[in-house]
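Please open the model in your viewer and keep the selection tool at hand. The tour proceeds one selection at a time.

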Amino acid sequence: MQVKTFDNTTELDTFAAQLFAEKLKDKPNATLGLATGSTPVGIYGKIIEMYKNGSISFKDATTFNLDEYVGLAPEHEQSYAHFMKEQLFNHIDLPLQNAHLPKGIGADLKSECTSYDQMLAEQPIDIQLLGLGLNGHIGFNEPDQELQGGTHVVELEESTREANARFFDKLEEVPTQAITMGVGSILKADSILLVVKGADKAGIVKQALQGPITTEVPASLLQTHKNVIVLVDREAGRLL
Ligand code: GLP
């Protein structure tokens, strides 16, 4: 595991965006694993800049997002589908039919999970971007005694709903469930880029990178992967 600490967010975001640009240069039809939350917003901003100045193109790329809230249609303003359009997809040349997110609505979420896993098996992820939840979750894989390998529906922890309530008008509007890629699928990515920002994540990033490998800190399973790069800002990295 390679850990890089940055003095400022712009440098971190630029470095991360460059890793995506390099991947697409080597392999224009790469499969990119994408994440939501506030952490990747600056990275997506840099990627858009690179696209606008002609140094990156997504026209042959495919993307898979980690997760989506159950019960929110893609048009819903707080859905991750909407977030991705606003923050990235509307500003680059990625064909929208190549942009995949699990669908959080529909009668049969089980078959949605199966078909998402099938697509992932057909187009394995070359580089997976990950943020880190305050409780150590990756995607929406919450701490538990057991974790699931494939895409599945998960009950969100109260602390996760509270952490994400800032994007909603009130806590009651935050869905109680999500559909998420499993830890097994995340670990199948060829390379993983874990990005952690802010003082409030200093303790959990230390546990994830240096603590015991345990399902109670889902991100600690990343220690078992052969090709993980961790990018932290000074505040998040201060205990490492
Ligand atoms: C959300 C997402 C995760 C994300 C995490 C951290 O719940 N499901 O994929 O990494 O929370 O979010 P943030 O970057 O806003 O701190």
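Select strand 6 (residues 127-130) and strand 9 (residues 191-196), which run parallel and are joined by four bridges. Strands here are DSSP runs (E, at least two residues), and helices likewise (H or I, at least four), numbered from the N terminus. Within this pair, glutamine 128 stands opposite isoleucine 192 of strand 9.

This is a predicted model, in which local features need pLDDT of at least 70 and side-chain atom pairs count only at pLDDT 80 or more, while totals for chains, interfaces and linings use all residues. Residues are numbered from 1 along each chain as its sequence is written.

Next, widen the selection to the open sheet of seven strands, whose order is 1-10-9-6-2-3-5 with parallel pairing; two strands pair if DSSP finds at least two bridges between them. Its edge strands, strand 1 (2-6) and strand 5 (99-100), each pair on one side only.

Add helix 1 (residues 9-26), which packs on this sheet and touches, among others, strand 1 and strand 10 (228-233). Contact requires C-beta atoms, placed from the backbone, within 7 Å. The direction of helix 1 makes about 155° with that of strand 10; axes are lines fitted to C-alpha atoms, for helices over the stretch in contact, and angles run from 0 to 180 degrees between N-to-C directions.

Now select the other sheet: three strands in the order 4-8-7, open and antiparallel. Strand 4 (67-69) and strand 7 (152-155) have a single partner strand each, so one side of each lacks a neighbour in the sheet. Finally, inspect glutamate 155, whose bridge partner in strand 8 is glutamine 177.

Notes
Two residues are in contact if their C-beta atoms, placed from the backbone, lie within 7 Å.
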